[in-house]
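Reader: I have a new structure open and would like to learn how to read it. Could you walk me through it, one feature at a time?

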Amino acid sequence: MIRVMIAEDQRLLRGALSSLLELEEDIDIIAQASNGEEALKLIQDLQPDVCLMDIEMPIKSGIEVAEELKRIGTACKLIILTTFARPGYFERAVKADVAGYLLKDGSSDELADSIRNAMKGKREYAPALIHASLKASNPLSEKEQQILRLIEEGMTSKEIASTLYLSQGTVRNYTSDIINKLYAKNRIEAVSIAKGKGWM
């Protein structure tokens, strides 16, 4: 029996997924989570074989959970489910070694097969997500992404400089480069564009 956990913030969808997968003779739904933090704790406590994880969840996103699980190490196979073909998300998911990255519009039979394939060590990525990733890769460096995250937190250039041990001039140069790369009008729009693309 494959022990499966579902992490999805929409209660109706979570319930529907659970009911459909419970019809499979070799799949047992052992837990459900409504946010990323709860999912992370349940995975560590219950050690499911597979976790179906939504990307856009409260507190911690599915991608953040995947990255944390890779850091701490787990036997649980993670399959990301998404409605968003955002290239940055796909890149981060692949780096986090997820077993699958699939669109939510697939059938329950396909999802059950993906769960079984994950248990066999296979990786499955939706072709549409791969295509979107190839079309637009992240133009921001790690440092630029780090600075954007601090901008999103509301930090000034002076505070960012102090946090990252850089000069204010260097931070201003980085910020200018970010704005130019993203064709943004200002810092706030740059954050919005990068988040929309899944690049931070």
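Reader: Let's begin with empty space. How much space lies in the largest pocket?

Author: The general idea comes first. Rolling a probe the size of a water molecule over the atoms shows where empty space is left. Here, keep in mind that you are looking at a predicted model. In this model, the largest pocket holds about 690 Å³ of space.

Reader: Which residues should I click on to find the largest pocket?

Author: The lining has 26 residues, and those closest to the pocket's centre are Arg92, Arg149, Gly198, Trp199 and Met200. You can also look by element: H3, helix H4 (87–95), H7 and helix H10 (187–197) each give two or more residues to this lining. H4 gives the most, with five residues.

Reader: What classes of residue make up the lining of the largest pocket?

Author: It divides into twelve charged, eight nonpolar and six polar residues.

Reader: And how much space is in the second largest pocket?

Author: That one has about 310 Å³. Its lining counts 18 residues, with Leu103, Lys104, Gly106, Ser107 and Leu111 lying nearest the centre. Look to H1, strand E5 (100–103) and H5 for the elements that give two or more residues to this second lining. By class, the second lining has ten nonpolar residues, four polar ones and four charged ones.

Reader: Now for charges. How many salt bridges does a search of the whole structure find?

Author: Again, the idea first. Side chains of opposite charge can pair when their charged atoms come close. In this model, the search finds twelve salt bridges. One of them joins the side chains of arginine 116 and glutamate 24, at 2.7 Å from N to O. Arginine 116 belongs to helix H5 (residues 108–119), while glutamate 24 sits in the loop between helix H1 (11–22) and strand E2 (27–33), so this pair ties together parts that are 92 residues apart in sequence.

Reader: Is glutamate 24 buried or exposed?

Author: Buried counts as under 20% relative accessible area, and glutamate 24 has 18%, so it counts as buried.

Reader: Which helices does the salt bridge between lysine 181 and glutamate 144 tie together?

Author: The side chains of lysine 181 and glutamate 144 meet at 2.8 Å, N to O. Lysine 181 lies in helix H9 (residues 168–181) and glutamate 144 in helix H7 (residues 142–152), so the pair links parts that are 37 residues apart in sequence. Try comparing the two partners: lysine 181 is partly exposed, with a relative accessible area of 36%, whereas glutamate 144 is buried, at 3%.

Reader: What about lysine 185 and its partner, glutamate 189?

Author: Their side chains meet in a salt bridge of 3.6 Å, N to O. Lysine 185 is exposed, with 72% relative accessible area, and glutamate 189 counts as partly exposed at 25%. Elsewhere, salt bridges that share partners join Glu24, Asp26, Asp113 and Arg116 into one network.

Reader: Let's turn to the strands. In what order do they sit in the sheet?

Author: To read a sheet, follow the strands from one edge to the other. Here the open sheet has six strands in the order E2-E1-E3-E4-E5-E6, with parallel pairing. E2 and strand E6 (124–125) are the edge strands, each pairing on one side only.

Reader: How many bridges join E1 and E2?

Author: E1 and E2 pair in the parallel sense over six bridges, and isoleucine 2 stands opposite isoleucine 27 in E2. On to E3: strand E1 (residues 2–7) pairs with E3 over four bridges, also in the parallel sense. Across that pairing, isoleucine 6 stands opposite leucine 52 in E3.

Reader: And what does E3 do with strand E4?

Author: E3 and strand E4 (residues 77–82) form a parallel pair over five bridges, where valine 50 stands opposite lysine 77 in E4. Together with helix H3 (residues 62–72), E3 and E4 make a right-handed β-α-β unit.

Reader: Last one: how many residues of E3 are buried?

Author: Strand E3 (residues 50–54) is mostly covered, with five of its five residues buried. Val50, Leu52 and Asp54 point one way from E3, while Cys51 and Met53 point the other way.

Terms used
Residues are numbered from 1 along each chain as its sequence is written. This is a predicted model: local features need pLDDT of at least 70, side-chain atom pairs count only at pLDDT 80 or more; totals for chains, interfaces and linings use all residues. Side-chain values use heavy atoms; hydrogens and water are left out. Buried means under 20% relative accessible area, exposed over 50%, partly exposed in between (1.4 Å probe, protein chains only). Two strands pair if DSSP finds at least two bridges between them. A crossover is right-handed if, with the strands pointing away from the viewer, the path from the first strand over the helix to the second runs clockwise. A salt bridge is a side-chain nitrogen of Lys or Arg within 4 Å of a carboxyl oxygen of Asp or Glu. On a 1 Å grid over the protein atoms alone, a cavity is a set of points where a 1.4 Å probe fits but cannot get out, and a pocket is an open set with protein on both sides within 12 Å along at least five of seven lines; lining residues have an atom within 4 Å of a point. Grid points are joined across faces, edges and corners, and a volume is the space filled by probe spheres set on the points. Ala, Val, Leu, Ile, Met, Phe, Trp, Tyr, Cys and Pro count as nonpolar, Asp, Glu, Lys and Arg as charged, and the others, Gly among them, as polar.
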